[in-house]
Amino acid sequence: MSSAPVFIASCSPRKGGNCDFAASLVERTLPVPCSVVRVADAHVRPCSSCGVCDSMPGRCTLDGPTVLPSSTSTPMPPKDGAKALFAAMALAPVTFIVSPIYYYHIPAQAKAWVDRTQRFWALNGETPAKGRAMACVLIAARQQGEMLFDGAERSLRWMAKTLGMEWLEPLRLYGLEHASALADSVEKQADICSYTARVFGSAAR
Ligand SMILES: Cc1cc2nc3c(=O)[nH]c(=O)nc-3n(C[C@H](O)[C@H](O)[C@H](O)COP(=O)(O)O)c2cc1C
C-alpha cells in the first residue's frame, strides 16, 4: 500500500452518531495514517445540470468560490468541498465510505457529492482515481430488509466506476438506530474491525 493516507468519509449529518463512531473505529483499526472527513460539513453543492462538464470533462462550475450578487441575502459557504473530496480519493489507496441509510439511500449531503462525480463521466477512461479502491460501511436502523442497502450501494458503486476505482464488497450493518447504538454493540464494532482488516489486507497485496 502507498504511504498516502487512507481516506474515510463519514456521511451522516448527525454529529457523533454511529457513522462518526464507525469512521473513528476504522481509523483506529488501520495501521496507516488516515484522513477523516464529515461529508455533511464539507459544503458540497448539488449538481445543477449546467452541462459544462459535457463539453469540458473534469470541470465543474460549482467548484470555485461563489461571488453572490449583493442583493442576495442567503448565506452560502464561500467555497465548495467536492473538489477536495475527489482529490483525497485520488490520493488514497483506499477510500472508506461510512454512511447511514436514509429512505433506502444515502443522506442528501452525500448524494450531492456522488452527483458531482458527473464531471468525470465524459473523461473516457482518464479517470482520476484509477487503481484505487472503495470500501463501504453501511448502517441502517431496521433489523432486516432484503433490499435495504441496494439503493445506496448502486449509487456508490457507479461513483466508484466513474472514478475508475475498484469496488469492494460493502459491510452492511442492521439494527443501529439511536446515536450510541454502535458504541453499545461490541459485536458490531468487531464486525467493523474485521471488515477493515480484510480490506486493508487485500489493498496491501
Ligand atoms: C431521514 C432519515 C431516514 C432514515 N431512513 C432509514 C431507512 O430507510 N431504513 C433504515 O433502516 N433506517 C433509516 N434511518 C435510520 C438511520 O439509518 C440510523 O439511525 C443510522 O444509525 C443513523 O446513523 P448516524 O447515527 O450516523 O446518523 C433513517 C434516519 C433518518 C434521520
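In which loop does Tyr103 lie? In this predicted model, Tyr103 is found in the loop between β3 and α4, where its phi is positive, at about 45°, although the residue is not a glycine. Tyr103 counts as exposed because 8 C-beta neighbours lie inside 10 Å, and a residue with 12 or fewer such neighbours falls in that class. A positive phi is likewise found at His43, which is not a glycine and for which the angle is about 55°. His43 belongs to the loop between β2 (34-38) and α2 (52-55), and with 16 other C-beta atoms within 10 Å it is partly exposed.

The strand pairings can be described starting from β4, which spans residues 133-139 and is mostly covered, six of its seven residues being buried. Strand β3, comprising residues 94-100, pairs with β4 in the parallel sense over seven bridges, and among the residues involved, Val94 has Ala133 of β4 as its bridge partner. Between these two strands the chain passes through helix α4 (residues 108-115), and the resulting β-α-β crossover from β3 to β4 is right-handed.

Parallel pairing is also found between β4 and strand β5 (residues 166-167), in this case over two bridges, with Glu166 of β5 serving as the bridge partner of Ala133. The path from β4 to β5 leads through helix α5 (residues 150-163), and this β-α-β crossover, too, is right-handed. Strand β6, which covers residues 171-173, pairs with β4 in the parallel sense over three bridges; within β6, Arg172 stands opposite Leu138.

Helix α1 consists of twelve residues, 18-29, and reaches 16 Å from its first C-alpha to its last, a span close to the 16 Å expected at 1.5 Å a residue. Its buried residues include Asn18 and Cys19 in addition to Phe21, Ala22, Ala23, Leu25 and Val26.

The ligand is surrounded by 18 residues, of which the closest are Ser12, Gly17, Cys19, Pro100 and Ala140. Cys19 is thus one of the closest residues to the ligand and is also buried within α1, while Pro100, likewise among the closest, falls within the residue range of β3, 94-100. When the shell around the ligand is divided by class, twelve of its residues are nonpolar, three are polar and three are charged.

Technical notes:
Residues numbered from 1 in each chain as written. Predicted model: local features only at pLDDT ≥ 70, side-chain atom pairs only at ≥ 80, totals over all residues. Near = placed C-beta within 6 Å. Nonpolar A, V, L, I, M, F, W, Y, C, P; charged D, E, K, R; others polar. Buried ≥ 20, exposed ≤ 12 C-beta atoms within 10 Å, placed from the backbone. Helix = DSSP H or I, 4+ residues; strand = E, 2+ residues; numbered from the N terminus. Pairing = 2+ DSSP bridges. Right-handed = clockwise from strand over helix to strand, strands pointing away. Expected span 1.5 Å × (residues − 1).
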